[in-house]
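Colleague: I should be grateful for a close look at one part of this model, with an account of how that part sits within the whole chain. Please keep to what can be read from the coordinates.

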Amino acid sequence: MKFAVALYHGEFEKSAFEKTQKWISALDTNLEYFEIQKSTVTELLENLIAGTEKKQAESVIYTWSDCPFLDLELTKELCHQHEKYGAEYTFADGYPYGITPEIIHLGTLKILLQLSKQNPELGEGKVSRTSIFDLIKKDINSFEIETLISDKDFRLSRLEFASGSKFGKILCERFEKLIEAEEKKLGKTLCATEKCELAEKSPEILQVLPGFYNLQIAAGCHGSCDYCPYPNACKNHFGKNPAEITKNDSFAFMDFSNFQKFLEKASNFSDKAVISLSLWGEPLLHPDFPKFVKAILENSKFSVLIETSGENLSLELIKEISEIKKSSKPRENQYPPVIWILSFDAGTENLYKVLHPNSKKTYSELLELSAILENEFPEEQGVKAVYKQFVRLTENECELEQFFRGNKNPLIQKYDNFQNRLPNRKPADLTPINRYPCWHLRRDISVLIDGSVPLCREHLFENILGNAFTDSLEEIFQKLKNPLIEQINCEYKGLCANCDEYYTFNF
């Protein structure tokens, strides 16, 4: 079988694919390749078909061109399987992205082209790294698929070895140095599995840049959730219950000018990220709330997350935020500009009143507001922008299935007792059998109303690492490395010892 190679360039510099070209030459010196510039998914398929036909090939080896660690032996094995079993689509499963390409038969490309035209939400969308398989999944049983399965499943690590972004470039540079040092030490060339195992144990690889900033912009809230540690923590820290805080209190709101300072630092430090305004308190209480959203959306690398009880959500505010979103630039990340999470926690009005006794909104009113939000903030490229949240508790487990089946966009969240600050109300233990390093140490920065940065959300107002308004975010983030190294070495100290939030992943 004759193969051609297609390299998709995306939106990064062509200099990023020098090592990818070397991989092609090592694969077969006579192997011809062609390049595809950024396009829609339908245009991508049209270009893949035209290029494969021009090279008179039967199948195409397809990859993004910013993947410097494509493995030669695994690629050869993929080609062997594809040819031996007459596959229509062949890929490797269990390896991090960027270690292997995918192979598609020419006839399959033509079928996928028709699928893309029949599904314009995919076909007219921006090309992603999963575009081919996303289309195949539309009718997966109709294709002859072959899979090369890794001896060890590395998907849990969520590593992507692609250098086309700031995050990816740093990651790939560190990975290259790590491999070179290890191969020099051992005096041999590492195979793909050995390289990936090496990456899993390296703090430099596991912790690159923050992808999620969780901010508190308002100290007050209605205290309508009875499974939250914030009311007691708020009273201890501010001297008032959150429901008693007024706009006249000096600590009531994050200063917008301070927020702008943080935003500039985050923009310079991070790559693409999601910024939440809902760490503690009710963000919609902030009198300048729309200004916060607008400031975030002025940077196309960022999306904003709004988690709310809905108490202060109104039609006017929804329309205002919607107009801000519509006037903003398209996002560079994979998320919608604005993401909403509304707290329901029940499938009926009666149980909602039990779990949210202080709520001024009814369950029906929240449903109406969520419908308006869904209309104003539709999903983009298959990613939803509005979610109804259900925190699993012993009291509401009986309505979990009803809630899940009754909503097209449910978000089921595990209960957190914050290291026994709250009673144990978990209906099920979801903790993995084998513990691994905390996602929040690797990806998150939490910022309190005065700029203080605790070690993580679990610490509430304690264990402060620095101030996001006055200190370097890079230096603050570096302070998370020591506890991460301890966890890599299976040492769990302080609140980390009994924490079961380590496996939850935000963005």
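Modeller: A suitable place to begin is Phe262. In this predicted model, leaving aside residues up to four places away in sequence, Phe262 touches Tyr213, Leu215, Ile275, Val447, Ala468, Phe469 and Leu473. Phe262 also belongs to the largest nonpolar core, which has 144 residues, and together with Leu48 and Phe259 it touches the most other members of that core. A second, separate core has 7 residues, among them Ile339, Ile341, Tyr387 and Phe507.

Two of the residues touched by Phe262, Tyr213 and Leu215, lie on one side of strand 7, which spans residues 212-215. Phe212 and Asn214 take the other side, and all of these residues are buried, so that both faces of the strand are covered. Strand 7 runs parallel to strand 8 (residues 273-276), to which 3 bridges join it. Within this pair, Tyr213 stands opposite Ile275, and Ile275 is itself among the contacts of Phe262. Strand 7 is also joined to strand 13 (residues 444-447), again in parallel, by 4 bridges. Here Asn214 is placed opposite Ser446.

These strands are part of an open sheet of 7 strands, paired in parallel and ordered 12-11-10-9-8-7-13. Strand 12 (410-413) and strand 13 each have a single partner strand, so they form the edges, and one side of each has no neighbour in the sheet. From one strand to the next, the twist averages 25 degrees.

Elsewhere in the sheet, strand 10 (residues 338-343) and strand 11 (residues 386-391) are paired in the parallel sense over 4 bridges. Ser343 has Gln389 of strand 11 as its bridge partner. Helix 15 (residues 363-376) lies across both strand 10 and strand 11, and runs at about 145 degrees to strand 11.

As for the setting, the protein chain contains 19 helices and 15 strands, and 55% of its 507 residues count as buried. Among contacts with a separation of 6 or more, 74% are made by residues 24 or more positions apart. The radius of gyration is 25 Å, which agrees with the value near 23 Å that a compact globule of 507 residues would have. Along the principal axes, the C-alpha atoms fill a box of roughly 75 × 55 × 45 Å. The accessible surface comes to about 23,100 Å², and carbon and sulfur atoms account for 47% of it.

Note on methods. Residues are numbered from 1 along each chain as its sequence is written. This is a predicted model: local features need pLDDT of at least 70, side-chain atom pairs count only at pLDDT 80 or more; totals for chains, interfaces and linings use all residues. Side-chain values use heavy atoms; hydrogens and water are left out. Buried means under 20% relative accessible area, exposed over 50%, partly exposed in between (1.4 Å probe, protein chains only). Two strands pair if DSSP finds at least two bridges between them. A nonpolar core is a set of buried Ala, Val, Leu, Ile, Met, Phe, Trp, Tyr and Cys residues joined through side-chain atoms within 4.5 Å. Contact means heavy atoms within 4.5 Å. The radius of gyration is taken over C-alpha atoms; the globule rule is 2.2 Å times the number of residues to the power 0.38. Accessible areas come from the Shrake-Rupley method with a 1.4 Å probe; for residues, only the protein chains shown count as cover. Axes are lines fitted to C-alpha atoms, for helices over the stretch in contact, and angles run from 0 to 180 degrees between N-to-C directions.
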